[in-house]
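Q: Could you take a close look at one part of this protein for me, the salt bridges, and show how they sit in the structure around them? A connected walk-through would be very welcome.

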Amino acid sequence: MKRPRKGAGRPPAARHPRKKPTIQAILAERGIVRATLAGIPKCDRDDVEQEVFLGAWRAVRRGKYRPDPRDKPRDALRKWLHGIAWRQASKYFESAYVRRAILHAEPLGLLRGLVGPNLDAQVEARDLLRAIERLEPRHREILLAVDAPETLSAYAAQRGMSPGTAASRLRIARAMLALKIRRWRR
């Protein structure tokens, strides 16, 4: 007797309609991502977590998030983020960096010169991400839209506003980000 395949009753995910959760909804599920990445050393966990959220946001923008309409929206998002986190953790553990890591008491003493990104630049980038996270949703949305492949005019047209209004809102959002960064560094 032939057993039915697991999940054979559901249509393939590509047949489900595209959904576009907000960045706030994705970031709100940080707990499931952190729990999935618990086995990664603390020194690398923030970087892998960042890769998870960046990968999820890029996938949403490309229309790759297609949850089953029968699932609760939050449960579907959590399952999807768990899958992304699990794959990123797998990539981390399979990377040559982890497989060939040699522990040394004074690793920076082995370097003859500066290699890789400056530590100050890394700290500054994390501060910037924290400042963006603390912005109001409307400011965060337009700042993230600048990174999208569509133009600012296309962004404005999708939201029923003029390109001048979108440019003005972008200018205001950048000013608010600069203010948050200044306050953060005090």
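A: Happy to. The fold has nine helices and zero strands, so by the DSSP assignment, with helices taken as runs of at least four residues, there is no strand to place. Please keep in mind that this is a predicted model. Along the chain from the N terminus, the elements read α-α-α-α-α-α-α-α-α. Of the 186 residues in the protein, 28% are buried. The accessible surface amounts to about 13800 Å², and carbon and sulfur atoms account for 56% of that area. Taking contacts between residues at least 6 apart in sequence, 71% join residues at least 24 apart.

Now to the salt bridges themselves. Side chains of opposite charge can pair when their charged atoms come close. The structure holds 11 such bridges, and three of them make a good tour.

Let us begin with aspartate 46 and arginine 34, whose side chains meet at 3.0 Å, N to O. Aspartate 46 belongs to helix H3 and arginine 34 to helix H2 (residues 30–36), so this bridge ties together parts that are 12 residues apart in sequence. Aspartate 46 is partly exposed because its relative accessibility is 33%, and arginine 34 is also classed as partly exposed, at 27%. The pair has company: Arg30, Arg34, Asp46 and Glu49 are linked in a network of salt bridges.

The next bridge stays inside one helix. Aspartate 127 pairs with arginine 130, with 3.6 Å between the closest N and O atoms. Both residues lie in helix H6, three residues apart, which is about one turn of the helix. Aspartate 127 counts as buried because its relative accessibility is 17%, and the cut-off is under 20%. Arginine 130, at 35%, counts as partly exposed. Helix H6 (residues 119–133) also holds isoleucine 132. Leaving aside neighbours within four places in sequence, isoleucine 132 is in contact with Arg140 and Leu177. Isoleucine 132 and arginine 174 are 42 residues apart in sequence, with their C-alpha atoms 9.9 Å apart in space.

The third bridge joins arginine 159 and glutamate 141, at 3.1 Å from N to O. This pair links distant parts of the chain, 18 residues apart: arginine 159 is in the loop between helix H8 (152–158) and helix H9 (163–185), while glutamate 141 is in helix H7 (residues 137–146). Arginine 159 is partly exposed at 38% relative accessibility, and glutamate 141 is partly exposed at 36%.

Some charged residues sit outside these pairs. Arg18, Lys20, Arg58, Arg62 and Lys64 form a positive surface patch. Among them, arginine 62 is in the loop between helix H3 (42–61) and helix H4 (73–94), and this residue counts as exposed because its relative accessibility is 53%.

For a contrast with that exposed arginine, turn to proline 21, in the segment before helix H1 (23–28). Proline 21 is buried, with a relative accessible area of 14%. Beyond neighbours within four places in sequence, proline 21 is in contact with Ile26, Trp57, Val60, Tyr65 and Leu77. One of these, valine 60, is 39 residues from proline 21 in sequence, with 7.3 Å between their C-alpha atoms.

Definitions and conventions:
Residues numbered from 1 in each chain as written. Predicted model: local features only at pLDDT ≥ 70, side-chain atom pairs only at ≥ 80, totals over all residues. Heavy atoms only, no water. Patch = residues over 30% accessible without salt bridge, like charges linked within 9 Å, V, L, I, M, F, W, Y side chains within 5 Å. Areas by Shrake-Rupley, 256 points an atom, 1.4 Å probe, with all protein chains shown as cover. Salt bridge = Lys/Arg side-chain N within 4 Å of Asp/Glu carboxyl O. Lys, Arg positive; Asp, Glu negative; His and termini not counted. Charge placed at Lys NZ, Arg CZ, Asp CG, Glu CD. Helix = DSSP H or I, 4+ residues; strand = E, 2+ residues; numbered from the N terminus. Buried < 20%, exposed > 50% of the residue type's maximum accessible area, 1.4 Å probe, protein only. Contact = heavy atoms within 4.5 Å.
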